[in-house]
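Visitor: I would like a close look at one part of this model, taken slowly. Please start with a short question of mine and then go on to the part itself.

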Amino acid sequence: MADTDIAPIIATRRDEATGFFQKLVSKGLGWARKYSLFTYPYATACCGMEYMSVAASRHDISRFGAEFPRFSPRQADLLMVVGTINLKQAPILKRVYEQMTEPKWVVSFGVCASSGGFYDNYAVLQGIDRIIPVDVYIPGCPPRPEQVLDGLMLLQEKIGNQVHRLRDTGQPNQTAAEHARMLSSGK
């Protein structure tokens with residue numbers, strides 16, 4: 001049992017003010033978004049082979065609603081950073097992230113994208129979370145297809161549990177807001 005199951009939940013006024021119809025629409029939007037992910041694979045290294053095996057018929061990522069890779073960031077809402085990112089590639093990755101449509105999510109695929117891997121040198125970015133916010137980390141060198149599917153299911157659960165609004169309030173997603181706050185504080 002988790003601590004959240006034991007502790008009493010205190011609702012805020014905003015939660016109490018959310019009407020039945022708004023909750024129902026938010027739940028429906030969450031269900032639709034989590035099963036219609038359009039991925040943009042940013043593959044740079046050997047993890048790209050594992051990404052291809054996940055997309056192949058044996059593991060079939062299309063069963064989880066992430067079937068069609070989009071090779072234009074303007075048509076994608078899920079950025080999968082697959083492999084090692086050099087410092088020269090970092091501005092390109094940031095530009096790709098900024099061009100994606102809202103809401104957008106990021107998956108760090110493999111240990112090199114997550115923490116730089118065993119490339120502890122001046123040319124490799126030591127984790128993509130230094131330039132863009134990451135929603136799910138998938139460990140491994142390279143990660144097994146089962147791990148990738150587990151990470152995708154974890155992301156789908158996160159998407160389904162978010163509060164989805166009918167109109168845009170101009171606020172970025174929660175992960176991006178936390179990332180911006182951390183960058184501004186100098187951590």
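Visitor: How many disulfides does the structure hold? After that, please take me through strand β3, residues 105–109: which strands pair with β3, and which residues does Val 107 touch?

Guide: The model is a predicted one. The structure holds zero disulfides. Take Cys 112 and Cys 141 as a case. The sulfur of Cys 112 has its closest cysteine sulfur in Cys 141, and at 5.4 Å the two are too far apart for a bond. A disulfide would need the two sulfur atoms within 2.5 Å. The two residues also sit in unlike surroundings: Cys 112 counts as buried because its relative accessibility is 6%, while Cys 141 has 48% and therefore counts as partly exposed.

Before β3 itself, here is the setting. The chain has eight helices and four strands. Read from the N terminus, the elements follow the order α-α-α-β-α-β-α-β-α-β-α-α. The four strands make an open sheet, ordered β1-β2-β3-β4, with parallel pairing. β1 (39–43) and β4 are the edge strands; each has a single partner strand, so one side of each has no neighbour in the sheet. On average, neighbouring strands of the sheet are turned by 15° against each other, direction ignored.

Now the strand you asked about. In that order, β3 stands between β2 and β4. On one side, β2 (residues 78–82) runs parallel to β3 and is joined to it by five bridges. Met 80 has Val 107 as its bridge partner in β3, and Val 82 stands opposite Phe 109. On the other side, β3 pairs with β4 (residues 136–138), again in the parallel sense, over three bridges. Here Val 107 has Val 136 as its bridge partner in β4. Val 107 thus has a bridge partner in each neighbour: Met 80 in β2 and Val 136 in β4.

β2 has its own second partner. β1 and β2 pair in the parallel sense over five bridges, and Leu 78 is the bridge partner of Thr 39 in β2.

The next point is the route from β2 to β3. Together with helix α5 (residues 90–99), the two strands make a β-α-β unit, and this unit is right-handed. The loop between α5 and β3 holds Pro 103. A cis peptide bond joins Glu 102 to Pro 103, with omega at about -10°. Most peptide bonds are trans. A second cis bond joins Cys 141, met earlier, to Pro 142, with omega at about -15°. Pro 142 has its place in the loop between β4 and α7.

Next, how β3 is covered. Five of its five residues are buried. The side chains alternate: Trp 105, Val 107 and Phe 109 point one way, Val 106 and Ser 108 point the other way, and all are buried. β2 is likewise mostly covered, with five of five residues buried. Leu 78, Met 80 and Val 82 lie on one side of β2, Leu 79 and Val 81 on the other, and all are buried. For the whole chain of 187 residues, 37% count as buried.

Buried residues bring us to the cores. In soluble globular proteins, nonpolar side chains tend to be buried together. The largest nonpolar core here has 20 residues, and Val 107 and Phe 109 from β3 are among those with the most contacts inside it, a group that also includes Leu 78, Met 80 and Leu 155. Two or more residues of this core come from each of α4 (47–55), β2, β3, β4 and α7 (145–161). The helix α7 gives the most, with five residues. Another core, of 18 residues, lies apart from this one; Leu 79, Tyr 97, Met 100 and Ile 132 are among its members.

Helix α4 can be placed against the sheet as well: it lies across β1, β2 and β3 and runs at about 135° to β2.

Last comes Val 107. Leaving out residues up to four places away in sequence, Val 107 touches Leu 78, Leu 79, Met 80, Val 81, Val 136, Ile 138 and Leu 155. In the chain as a whole, among contacts between residues at least 6 apart in sequence, 79% join residues at least 24 apart.

Definitions and conventions:
Residues are numbered from 1 along each chain as its sequence is written. This is a predicted model: local features need pLDDT of at least 70, side-chain atom pairs count only at pLDDT 80 or more; totals for chains, interfaces and linings use all residues. Side-chain values use heavy atoms; hydrogens and water are left out. Buried means under 20% relative accessible area, exposed over 50%, partly exposed in between (1.4 Å probe, protein chains only). Two strands pair if DSSP finds at least two bridges between them. A crossover is right-handed if, with the strands pointing away from the viewer, the path from the first strand over the helix to the second runs clockwise. A nonpolar core is a set of buried Ala, Val, Leu, Ile, Met, Phe, Trp, Tyr and Cys residues joined through side-chain atoms within 4.5 Å. Contact means heavy atoms within 4.5 Å. Axes are lines fitted to C-alpha atoms, for helices over the stretch in contact, and angles run from 0 to 180 degrees between N-to-C directions.
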